[in-house]
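Biologist: I am new to this structure and would like to understand the words used for it. Could you show it to me, and then let me ask how each term is justified?

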Amino acid sequence: MPTEPLHPLNPAPQPVSAGVKIGHVHLKVADLDRALGFYVGVLGFDVMARYGSQAAFLSAGGYHHHLGLNTWESKGGSPPPPGSTGLYHTAILYPTRAALADALRRVLAAGIELDGASDHGVSEALYLRDPDQNGVELYWDRPQEDWPRAEDGKLAMYTRRLDVQGLLKA
């Protein structure tokens, strides 16, 4: 059965290069200082550059920026209503399970409630909201050799309840 082209300028879809990665994320925030309190004060990102009360660029480990926060179109704004389109969440990848456990300790110490905590087989993930109600996922990936696989070798991801107490012991 013939398939329709995805776009008139791209008649035959080609796979994206395996080296492609998603880079930085820019979030519209209502109050820059409040957002910095979360991303810097709680999660521990470094401010690489700040433009007054309009924008800041944050990094882990000295990269130019992983997160951009700005009030250019959103100063004093409110979150989008439930049921509307937009960003579901920003996912922040931690290098180890112990680093994710440290992030969890920071979040709990700040009195921030989790929306959820899941074991996906390939990863362990924590879900929460930033002060502007943007979804945030904090996660670490298990080594690929430990990922669950079906008999045909394809990934067999799942969603199970995460043992949060076990994570805290990491």
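Modeller: This is a predicted model, and a definition is a good place to begin: two strands pair if DSSP finds at least two bridges between them.

Biologist: How do you know that strand S7 and strand S8 pair, and in which sense do they do so?

Modeller: Strand S7, residues 123–129, and strand S8, residues 135–141, are joined over seven bridges in the antiparallel sense; since the definition asks for at least two bridges, S7 and S8 count as paired. One of these links is that of leucine 128, whose bridge partner in S8 is valine 136.

Biologist: To what sheet do these strands belong, and what is its order?

Modeller: The sheet is an open one of five strands, with mixed pairing, and its order reads S5-S8-S7-S6-S9.

Biologist: What makes S5 and S9 edge strands?

Modeller: Strand S5 (90–94) and strand S9 (160–161) each have a single partner strand, so one side of each is left without a neighbour in the sheet. Helix H2, residues 97–109, lies across S5, S7 and S8, and runs at about 150° to S8.

Biologist: Why is glutamine 133 called partly exposed?

Modeller: The relative accessible area of glutamine 133 is 43%, and because buried means under 20% and exposed means over 50%, with partly exposed in between, glutamine 133 is partly exposed. Glutamine 133 is found in the loop between S7 and S8, and has a positive phi of about 70° although it is not a glycine.

Biologist: Which pocket has Gln133 among the residues nearest its centre?

Modeller: That is the second largest pocket, lined by 25 residues, where Pro79, Pro80, Leu87, Gln133 and Asn134 lie nearest the centre. The volume of this second largest pocket is about 590 Å³, and strand S1, residues 25–28, gives the most to its lining, with three residues. By class, its lining has 10 nonpolar, 11 polar and four charged residues.

Biologist: How much space lies in the largest pocket, then, and which residues are the closest to its centre?

Modeller: The largest pocket holds about 780 Å³ of space, and of the 24 residues that line it, Gly23, His66, Ala91, Ile92 and Leu93 are the closest to its centre. The elements that give two or more residues to this lining are S5 and H2, and the largest share, five residues, comes from S5. By class, the lining of the largest pocket has 15 nonpolar, six polar and three charged residues.

How values were computed
Residues numbered from 1 in each chain as written. Predicted model: local features only at pLDDT ≥ 70, side-chain atom pairs only at ≥ 80, totals over all residues. Heavy atoms only, no water. Helix = DSSP H or I, 4+ residues; strand = E, 2+ residues; numbered from the N terminus. Contact = heavy atoms within 4.5 Å. Axes fitted to C-alpha atoms, helices over the stretch in contact; angles between N-to-C directions. 1 Å grid on protein atoms, 1.4 Å probe; cavity = no way out; pocket = protein on both sides within 12 Å on 5 of 7 lines; lining within 4 Å. Points joined across faces, edges and corners; volume = space filled by probe spheres on them. Nonpolar A, V, L, I, M, F, W, Y, C, P; charged D, E, K, R; others polar. Buried < 20%, exposed > 50% of the residue type's maximum accessible area, 1.4 Å probe, protein only.
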